[in-house]
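Thank you all for coming. I would like to walk through how the helices pack in this structure, and then turn to one loop residue.

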Amino acid sequence: MTRVDRRPKAAGAFLTIGEVSRDTGLSQHVLRYWETRFPQLRPLTRAGGRRYYRPADVALVRRIDGALNREGYTIRGVQKLLADGAPVAPTADPRAALRAIRHALAAALADD
């Protein structure tokens, strides 16, 4: 069943994987793959395996996308940033991106 009414949903509404895919420009198979690689990304699943993304899930998808596809991080690099609790900065905020880089460098120096 497709949604005929295309009015925007409320800000806190859950989104289907198709809606997240359309809004972010990412393929649905990429979103499903990221769920296997990033344990923090856990949309709600209902009967039949339908995924419903909360606003926090969508924000995390955007942050992962920015780190992987714009900032040049690898999947392992983003996994490490998320595991260390470092915010993966969205690309729209250069200061946050620089803070994430500073955190990664500090962690690398601490491991040295």
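Let me begin with the vocabulary: angles under 35 degrees count as roughly parallel, over 145 as roughly antiparallel, 65 to 115 as roughly perpendicular, and the rest as oblique. This is a predicted model, in which local features need pLDDT of at least 70 and side-chain atom pairs count only at pLDDT 80 or more, while totals for chains, interfaces and linings use all residues. Residues are numbered from 1 along each chain as its sequence is written, and side-chain values use heavy atoms, with hydrogens and water left out.

Helices (H or I, at least four residues) and strands (E, at least two) are DSSP runs, numbered from the N terminus. Axes are lines fitted to C-alpha atoms, for helices over the stretch in contact, and angles run from 0 to 180 degrees between N-to-C directions.

With that in hand, helix H3, residues 55-69, packs against helix H4, residues 75-83, at an angle of about 130°, the axes being 9 Å apart; H3 and H4 are therefore oblique to each other. Where contact means heavy atoms within 4.5 Å, Leu 60, Arg 63, Ile 64, Ala 67 and Leu 68 of H3 meet Ile 75, Val 78 and Leu 82 of H4.

Which residues of H4 are buried, that is, under 20% relative accessible area, as against exposed, over 50%, or partly exposed in between (1.4 Å probe, protein chains only)? They are Val 78, Leu 81 and Leu 82, and, seen down the axis of H4, the buried residues fall within an arc of 95° (taken over the directions from the helix axis to the C-beta atoms), so they line one face of the helix. On the other side of H4, Arg 76 and Ala 83 are exposed, and just after H4 comes Gly 85, with a positive phi of about 85°.

The other pair is H1, residues 17-24, and H2, residues 28-37, whose axes come within 9 Å and cross at roughly 110°; H1 and H2 are therefore roughly perpendicular to each other. On the H1 side the contact is made by Ile 17, Gly 18, Val 20 and Ser 21, and on the H2 side by Gln 28, Leu 31 and Arg 32.

Finally, Pro 43 sits in the loop between H2 and strand E2 (44-45), and, at 9% relative accessibility, Pro 43 counts as buried. Leaving aside neighbours within four places in sequence, the contacts of Pro 43 are Glu 35, Arg 51, Tyr 52, Tyr 53, Arg 54 and Asp 57.
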